[in-house]
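Please open the structure in a viewer and keep the sequence beside it. The tour below proposes one selection after another and describes what is found at each.

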Amino acid sequence: MPDGSFAHPQQRQFNPYSENGGTILAIAGADFSVIAGDTRQSEGYSIQTRYAPKVFRLTDRAVLAVNGFAADGNVFVKKVKQRLEWYRHAHAKDMPLRAIARMIQTMLYAQRFFPYYVYNILGGIEEDGSGAVYSFDPVGSYEREACRAAGAAQSLVQPFLDNQIYFKNQQSLPGQSRPLHLPLPEVLSIVIDSFTSATERHIEVGDGLEMYVVLAKGRSIQGLESFRGVQELTPNPDGDRVFVIRRELKKD
Amino acid sequence: MFRNNYDNDSVTYSPTGRLFQVEYALEAIKQGSAAVGLVSKKDVVLVALKRNAEELGSYQKKLIKVDDHMGIALAGLAPDARVLSNFLRKQAMNSKMIFNRPLLTSKAVYSIADKAQENTQSYGSRPYGVGLLVAGYDESGAHLYEFQPSGSVLEYFGAAIGARSQAARTYLERNLETIRETESPEELIVHGLNALRDTLPQDVELTYRNTSVSIVGKETKYTIYDDEDVQQWLDKLDSVSNARNRDDDDDDDENADNEQQDNQQDQQQEGGDSNNNEDRMETDE
Amino acid sequence: MDHFPTSWGRQRNDAYDAYNTYPLHQRPNPGHDAFADSVQHTQQPIVTGTSVLAIVYKDGIMMAADTLASYGSLARFKSIQRLHSVGTSTVIGASGDMSDFQYLQSILDELIISEFTEGDKHELGPEEIHEYLSRVMYGRRSKMNPLWNSLLVGGKKDGKRFLAYVDLLGTTYTASTLATGYGAYIALPLLRTAVEGRENDLTEEEARKILEESMRVLYYRDARSLDKYQIAIVNDEGVTISEPQKLVTSWGFAEGIRGYGAQTQ
């Protein structure tokens, strides 16, 4: 017991991990994918910075969100990006999403006995043009899903997504069916609501919100045009496209 | 037949102070088809002539991307170039990993020069049989370097390596002023192709199949144009065949300053460009 | 950011004390001396420096640290320099273990020299130094042999200001106001109030004043601090690290405090 007494002999060791708070989430649509994260980085009760991105564009159709121990996260993203660059050198094209997902599992599992203390969520567009989300645990277990939240406010956000995306605990009206995939504007509102709510209820969430939207090749930007401050990151409007939308969150 | 006693290994000097193995390596570059590089204020262009071993075969790659800001053109043994470009890619990645900065062109080229020099000084090793033009845009601007198997490195405004590259150099020298002042990347590419055109053997024209074009610059990531994508550039030329072929003007090949070189050149020319097949596999043709 | 370097890199003990109800200074003791058994890895710091503060201002960045290196509660070395220039556009400031910091200085100095000898006129800027430092720090933590420091890296190169943090875990971040150690609790709120949103307006004079005031507050509150400190400035002219200067403090109020100390009545 840390009571400052010498009553109990203690052997303590250097702890190579820390937790830096924040929350990430991703939702897949029929032909798009939204990957989002807040930008606060904290340790304990201290806010280290109000802007430390947790979501990264990997290719024109893959975006990775990383949450947990920030140092591990940054190094991991850097290594993933370099592996993707080698792939481009070898094959003269971007690695497909499902291949990136498998690669991430391999890279995570390679550190099975000294894990990267990070939760990854990979979102983007598959080769067949469908929106996809892959979620990982720190040692590489992964699966493809329609939506996933991770990080400090996972326990607040995931039940909300289960209800809003999977329609859990909802009774549909007679003769009405539930859509398999929600349209983009609805998904974006759910993402924004998730983060404003998590900001209200969790001290480690807040400051800023970054939402990446990946649109399948050929899909119109319908549903995005009404959003203010949408910024396109891809140079080529004929292929898959990546957009980012930034919003402020409460800073208290 | 004359036998040279001083070329059995790369570490033994001849009594006249030469390293024959290293010089032979430099000859290997001339066996390869030409590559041309040129620099304006904010762009670097590499163009190269590709060769195919046979009619039905594919063309040997002449341009290799190293990073978004750097690429190389090769003449000589293509496998050696692949080893070197792979090493350069690793260096570029390392620079990003450790300092989060793009690899400087000078650092890149000196890193492979050091590797090449080692081979000229260790017993049992073979010098690289390839020459490279290294193009890069970094924080100090646009750069073009020539790498040689001897380990020597020089920076150029315009350079050409490979078979009949003297003709290209002549073009670059004559047009240096305009090339240096060129603002448009398109114009720079056209100058590059004009120079490359002058290296063409008889009865050969620049086609989208045998020509590779690449550019890197302030606003342009290193981009390679191959096959059908090359046609847009060829369309900008007044002619795709070389001036000598057009008006039967005879060649203006370099005036080598010693016997040995003269001899080799003669052999090369005698052997003809059309049927010199014995050691083709080894080169980038 | 915990005030006590001894506590850095330790497990958070939320299970026992989720709301920090026990006083900060009552940390569990290791129970034995650091040299008791052959120590292979730095498992705890020995001679430590306290907070470093840094802010961005109009013309560049400014950093401050006192000159004390403590041996536990003993003020062991009173004129240690904790600000160090790296190249011509970067300064680093360190809290935590001073021997580890001096080792880092020698690594960085070597790096600068080897870059210089390349002769390509390129000089490492603050961003590159910070990236390199974070590779070193993360590499060492991954070998379970950390360099027990929290470092601030600041500078200005090609007209671009840069300020960032890196610590023994390899954790990094940037902000316009940064503080390590106790400073993260006491000075950082003051710095944020004074600086945030005014980064492009603050003059050198104002910036200096903000830092001096924060150093004074720290000296009043941090038992491991000293009233002798240095200020480093990086602007277009390069790096300047001031001579040690004295904080003006008044302790007159102490007379009126009752309940402890030497008062008789």
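**First stop: a sheet in chain A**

Select the six strands of chain A that form an open sheet in the order 10-1-2-11-13-12, with antiparallel pairing. Strands (E, at least two residues) and helices (H or I, at least four residues) are DSSP runs, numbered from the N terminus, and two strands pair if DSSP finds at least two bridges between them. Now highlight strand 10 (147-151) and strand 12 (230-232) of chain A: these stand at the edges with a single partner strand each, so one side of each has no neighbour in the sheet. From one strand to the next, the twist averages 15°.

A word on the model is needed here: it is predicted, local features need pLDDT of at least 70, side-chain atom pairs count only at pLDDT 80 or more, and totals for chains, interfaces and linings use all residues. Residues are numbered from 1 along each chain as its sequence is written, chains are lettered from A and ligands numbered from 1 in the order in which they are written, and side-chain values use heavy atoms, with hydrogens and water left out.

Next, select residues 208-215 and 241-248 of chain A. These are strand 11 and strand 13, which run antiparallel and are joined by eight bridges. Which residue of strand 13 of chain A is the bridge partner of Leu215(A)? The partner is Arg241(A).

Add helix 3 (residues 154-164) of chain A, which packs on the sheet and touches strand 1 (23-28) and strand 10 of chain A. Its direction makes about 170° with that of strand 10 of chain A. Then add helix 4 (residues 184-201) of chain A, which also packs on the sheet, touching strand 1, strand 2 (32-38), strand 11 and strand 13 of chain A. The direction of helix 4 of chain A makes about 15° with that of strand 2 of chain A. Contact means heavy atoms within 4.5 Å; axes are lines fitted to C-alpha atoms, for helices over the stretch in contact, and angles run from 0 to 180 degrees between N-to-C directions.

**Second stop: two helices in chain B**

Chain B contains nine helices and ten strands. Select helix 4 (residues 165-174) and helix 6 (residues 185-197) of chain B, which pack at an angle of about 140° with their axes 7 Å apart. Show the side chains of Ala168(B), Tyr171(B) and Leu172(B) in helix 4 of chain B, which meet His191(B), Asn194(B) and Ala195(B) in helix 6 of chain B.

**Third stop: two residues in chain C**

Chain C has four helices and 14 strands. Buried residues (under 20% relative accessible area, with exposed over 50% and partly exposed in between; 1.4 Å probe, protein chains only) make up 52% of its 265 residues.

Select Tyr57(C), in strand 2 (residues 52-57) of chain C. Is Tyr57(C) buried or exposed? Tyr57(C) is buried, with a relative accessible area of 0%. Glu199(C) lies 142 residues away along the chain, yet the C-alpha atoms of the two are separated by 4.8 Å. Leaving aside neighbours within four places in sequence, the contacts of Tyr57(C) include Met62(C), Arg161(C), Glu199(C) and Asn235(C).

Finally, select Val86(C), in strand 6 (residues 83-86) of chain C. Val86(C) is buried, with a relative accessible area of 0%. Beyond its neighbours within four places in sequence, Val86(C) is in contact with Ile92(C), Leu108(C), Ile112(C) and Ile129(C).
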